Each structure stands twice: as structure tokens, then as C-alpha cells.
Amino acid sequence: MSTRERERDLRWLRRAIELSRHCPPSTTAFSVGAVVVGADGEVLAEGYSREVDAVNHAEEAALGKLPAGDSRLRTATVYSTLEPCGQRASRPHPCAELVIAAGVPRVVVAWREPALFVETCRGTALLEAAGVEVVELPELAAEARAVNAHLVD
């Protein structure tokens, strides 16, 4: 990854962290922010956990703002403060499946989901098995975790 690409990824992931601070607090779910960025650097959509309803996830909120089949998603990157979920009880499809179905080829995260609500998060494994590139930027993990300090710290 070039320095320029890394700086771009850090910038958008920091924006996702800003969005995560808008989440209504919950003791049963993480506060997560997500930004969908097109190949041209244009923000296609943003979202955060519980933005739409009590069980809405950040990636779900952001992707839900775009029309189904939006061709820009085929070259976009999803920036999420937390690894997209690989399983969930509140909806039929976890966020990793939503990203795959949207055709997004790249996901950048700050940290992997800890074993708090699910024993083993399978989000990254599902994404990679579908050919999605997953990049983790652990230098922003502490900032993403800080938003969730009531759950994990």
C-alpha cells in the first residue's frame, strides 16, 4: 500500500470514527460508524449504528442509502470502525453479507470484533472468502474502542 493510499484510508476511517460518536448508547451493541467511498474519492453514503432504528448497524445504514445495484459500489471501499458482523440475531443478513451482495471489493476496518456479543466474529472470513480485500488499520483501534469504552474497556 502506498503512502498516499494509507493516508486516504486513515482519513476516511477517522471520519467513520466521528460518525460512531453519533450512535445512541447501547449496552447490547457496539457503536460503529461507516463511510462508503467511491473510486473517485466521492462519499457515496455514511451511516452509524442505530441511526435508523434500534438494531440498525452502521454498514447497513450506509448501504441502505444507496440504490440497489448502484454500479459505483463495484469499485468502492467501505470504511467501518469495527469488522462487519458475520452473524446477527436482529436481521436475516449480517453486514458482511450485505457488503458482498452490494459488490463492494474492499473494506477497511479499525479493529476486529471482540468476543463480547458473539463468540467468534466471522465477518472478515466471509468477506475474504468472497474475494473482498479486508484491510485493518490497528493504529486507529484505540479511537474506535474508546467510543465503546462502556462495553470493552
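Two strands pair if DSSP finds at least two bridges between them. The model discussed here is predicted.

Q: In which sense do β1 and β2 pair, and over how many bridges?
A: Strand β1 covers residues 33–37. Its pairing with β2 is antiparallel, and the number of bridges is five.

Q: Which residue of β2 is the bridge partner of Ala 34?
A: Look across from Ala 34 to β2. The bridge partner there is Gly 47.

Q: Which residue in β2 stands opposite Val 37?
A: Start from Val 37 and cross to β2. The residue opposite is Val 43.

Q: Which residue in the hairpin of β1 and β2 takes a positive phi?
A: The hairpin has five residues between its strands. A phi near 90° is found there, and the residue that takes it is Gly 41.

Q: In what order do the strands of the open sheet lie?
A: The sheet has five strands, and their pairing is mixed. The order is β2-β1-β3-β4-β5.

Q: Which strands stand at the edges of the sheet?
A: An edge strand here has a single partner strand, so one side of it is left without a neighbour in the sheet. The strands placed like this are β2 and β5 (133–136).

Q: What is the phi of Arg 50, and where is this residue found?
A: Most residues other than glycine have a negative phi. Arg 50 is not a glycine, yet its phi is positive, at about 65°. Its place is the loop between β2 (43–48) and α2 (58–63).

Q: Is Arg 50 buried or exposed?
A: Buried means under 20% relative accessible area. Arg 50 has 11%, so it is buried.

Q: Are the rings of Phe 30 and Trp 111 stacked or edge-to-face?
A: A search of the whole structure finds one aromatic pair. The ring centres of Phe 30 and Trp 111 are 5.8 Å apart, with the planes at 85°. Planes over 60 degrees apart count as edge-to-face. The pair is therefore edge-to-face.

Q: How many residues apart are Phe 30 and Trp 111?
A: Phe 30 lies in the loop between α1 (3–20) and β1. Trp 111 belongs to strand β4 (residues 106–111). The pair links distant parts of the chain, and the residues are 81 apart.

Q: What is the relative accessible area of Phe 30, and what is that of Trp 111?
A: Phe 30 is buried, with a value of 7%. Trp 111 is also buried, and its value is 5%.

Methods
Residues numbered from 1 in each chain as written. Predicted model: local features only at pLDDT ≥ 70, side-chain atom pairs only at ≥ 80, totals over all residues. Heavy atoms only, no water. Helix = DSSP H or I, 4+ residues; strand = E, 2+ residues; numbered from the N terminus. Buried < 20%, exposed > 50% of the residue type's maximum accessible area, 1.4 Å probe, protein only. Phe/Tyr/Trp six-rings, centres within 6.5 Å; stacked < 30°, edge-to-face > 60°.
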